[in-house]
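Ready to practise reading a structure? Take a look at the sequence and the model, then try each exercise before you read its solution.

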Amino acid sequence: MGDDKLPKQSENFSEWYNQLIQKAELADYAPVRGCMVVRPYGWALWENIQKELDSRFKASGHVNAAFPLFIPMSFLEKEKEHVEGFAPELAVVTIGGGQTLEEPLVVRPTSETIIGYMYSKWIKSYRDLPILINQWANVVRWEMRTRLFLRTLEFYWQEGHTAHETAQEAEEETLKILDLYTDFAINEAAVPVIPGIKSDAEKFAGAKQSYTIEAMMADTKALQSGTSHNLGQNFAKAFEIEYLDRNNEQQFAWTTSWGLSTRFIGAIIMTHGDDQGLIMPPRLAPIQIVIVPIFRSEDEQGIVMTCVNEIVKLLSKFRVKVDDRENLTPGFKFNDWELRGVPLRIEIGPRDVANNTVVAAQRDIPGKAGKLFLIIDNLDMQIEKILNDIHNRMLDKATKFRDSHIFEPKDYEDFKQIVSNGWAYAYWCGDPACEDAIKQETKATTRCRDLHQQKSDGKCIYCEKPAHYKTYFARAY
RNA sequence: CGGGGUGUAGCGCAGUUGGCUAGCGCACCGCGUUUGGGACGCGGGGGUCGGCGGUUCGAGUCCGCCCACCCCGACCA
C-alpha cells in the first residue's frame, strides 16, 4: 500500500524507480543480494507479457519446451567467444548431494550450449529443419551491480532457439523475431522502440550478428529491451549440429537465438510512469479498470453496490477490480490506484446511480482534465474505445518524448553535450577504437544502427574519417 | 575488487560528556465517528539497537574485528 510519498521523477529518477516498484508491489528485495521477489501484481504483468509474446511465437510456428537449469561446465567452453563473454558472471555448482561433482555444473546464464547439444542429437537431415523451439525460463548471471527488473542475478525470460538449413533462413528468422518484438513493444506495451543492429562490441557473445530493440526511458537513458541473434554456424560447429542436405552432403546448420526478459517491465515503468506512479499500458495492465464505490450510509452502500455489481457484469470482458476496502477513504484509493498505474478508474456514488452515469478517470491525464462522465448504457463499448485511446496517447507521448531527445551532433563537442541528456544520431566509421574512446569519454555506448537505414556519406563523429552509416549513441542501463 | 557512506520496530528517523523501563512519526490491530482527491479520536501490539569480541559497576553510545546494504568507478539482458 502507498504509505508515504513517492520522490519526484525530476528530482531523483533512480529513487523514484526503486521506491515505485516497492510501493506498487511489483517486486521486493529478496534476502539474497541482487535477487528479487516478483510479487503478484508484477507477476500478473509478466503473465500478460508472456501471453502476448507466446501467442505470437505459436502463430509463427514455434513450440515451447523445457531444458535443464544445469549445464556441464565443458559445454560453455566449446564456443570461444561465448565462454569469454559469460565466464565472469557464471554461478557454478560444485557439490551435489554432499559429494564434490566430477564436473562442475553451471547454472544456465542462457541455453545455447545445452540446446545446441540436444539439436545435434535431433537433427540428422534437412527434413528435420527448421527446428523452432522456445522456452520460458529463469537464468542466472552473477552481476556486480543490480537493479530491480533491469539487472538482477536471476531473471525470467523467454529464449528462442532455432536451427535452419541456410544462412538466409536463419537471417530471416532473426529479423522476423525482431519484428515480432517491435510489434509487441509498440502495440501491446505502447513502448516505442527502434529496431536495429548491434555493433561487434555490443553483440551477444558467440553471435555473428545481434539485433536489438532500443527504447528511451523518461530520463533519456537507453534500455535494450529485447534481442535477436543470428548465430551463423558458430554454435553448430561447436556442438556439431550437422545435417545431410538436399544434395546428400553433410552441412552445419544455421542457428538463431532471441530473448525478451522481465527487464521489459523496467521499460514499461520508465517509459510511462509519472510523479503519481506507474501508468500501465491498457493491453498489458493486470487490472484495466478499478471501480471505487462511494457512499456514506448503509442505505447508500446498498444502492451503490447493486449498481457496481451490475457494472462488473457489463464489463466482464475486461480485467476489473472492485475496491471495496471499507477502512479507506475514496481519496486514498484514488491515489493508491494511480500509484499502481491502473489505466482507468470508475467512481460510482449515489449521484451517479441516480443519473445512470459513472465518473471515469483516465490515468494518463492527471486530475480533473482526465475525468469523463459516462452514461451506463453501452458502457463496455465506450470503455473499449477509451482504453484504446489511452494506449494511443501513451504511445504518442512516449514517441514524441523520444524524438524530441534525439539529435544529430554537428561535431564531437556537440555530441558530448547531447548524450548528457539525450541520444546522439551520428556517423560512426565502425572502428571499435572510436566506439570505445567515446564510451570512456562520455559514458555513451552505441545502441544500434537502425534497421532500414540507407547508406550515405559522412564522417565519423570521433575520428572524422569517412563513415557510411549513422548510429544511435546513448548512456544506457 | 578500489573510493565514499549507512546500519536503532515493516518504513523514515531521534537518542546529549556512557546512566534508570530505548523513544517519535507513518504503517499495523481493536472500538467509535467518517467517506466524490491521501479522515479523526481513544486504546493496543511490535525491538537479540547489523554480528562477534573487548573496556566498564553499567554500552544503542567508547574500542577492535567481521557482515550486510547504498552511492561512485571497472563488467552487463
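Below are four short exercises, each with a worked solution.

This is a predicted model, in which local features need pLDDT of at least 70 and side-chain atom pairs count only at pLDDT 80 or more, while totals for chains, interfaces and linings use all residues. Residues are numbered from 1 along each chain as its sequence is written, chains are lettered from A and ligands numbered from 1 in the order in which they are written, and side-chain values use heavy atoms, with hydrogens and water left out.

**Exercise 1.** Find S225 and work out whether S225 is buried or exposed.

*Solution.* Start with the location: S225 sits in strand 11, residues 222-230. (Strands are DSSP runs of E with at least two residues, helices are runs of H or I with at least four, and both are numbered from the N terminus.) Next, check the accessibility: S225 is buried because its relative accessible area is 5%. (Buried means under 20% relative accessible area, exposed over 50%, and partly exposed in between, using a 1.4 Å probe and protein chains only.) Finally, look at the neighbours: leaving out residues up to four places away in sequence, S225 touches I213, A215, L260, F264 and A267. (Contact means heavy atoms within 4.5 Å.)

**Exercise 2.** Do the same for I289: buried or exposed?

*Solution.* First, I289 belongs to strand 15, residues 289-293. Then, its relative accessibility is 0%, so I289 counts as buried. Among the residues it touches, beyond four places in sequence, are L315, F318, V342 and I383.

**Exercise 3.** Which elements help to cover the buried residues of helix 1?

*Solution.* Begin by listing the buried residues of helix 1 (residues 13-23): F13, W16, Y17, N18, L20, I21 and K23. Now see what lies over them: the cover includes strand 1 (27-29), helix 8 (263-272) and helix 10 (330-339). One step further, E25 follows helix 1 and has a positive phi, near 65°.

**Exercise 4.** Which residues come nearest to RNA strand B?

*Solution.* Of the 37 residues around RNA strand B, the nearest are R33, R145, R151, D352 and K443. (A residue is near a strand if one of its heavy atoms lies within 4 Å of it.) Sugar and phosphate make up 36% of the atoms of RNA strand B that come within 4 Å of the protein. Now ask where this surface comes from: helix 10 gives the largest share, 7 residues. To finish, turn to the bases: a polar side-chain atom of E338 is 2.6 Å from a base nitrogen of RNA strand B, and a polar backbone atom of R351 is 2.9 Å from a base oxygen.

Note on methods:
Polar contact = N/O pair within 3.5 Å; in protein donor to acceptor, adjacent residues only side chain to side chain.
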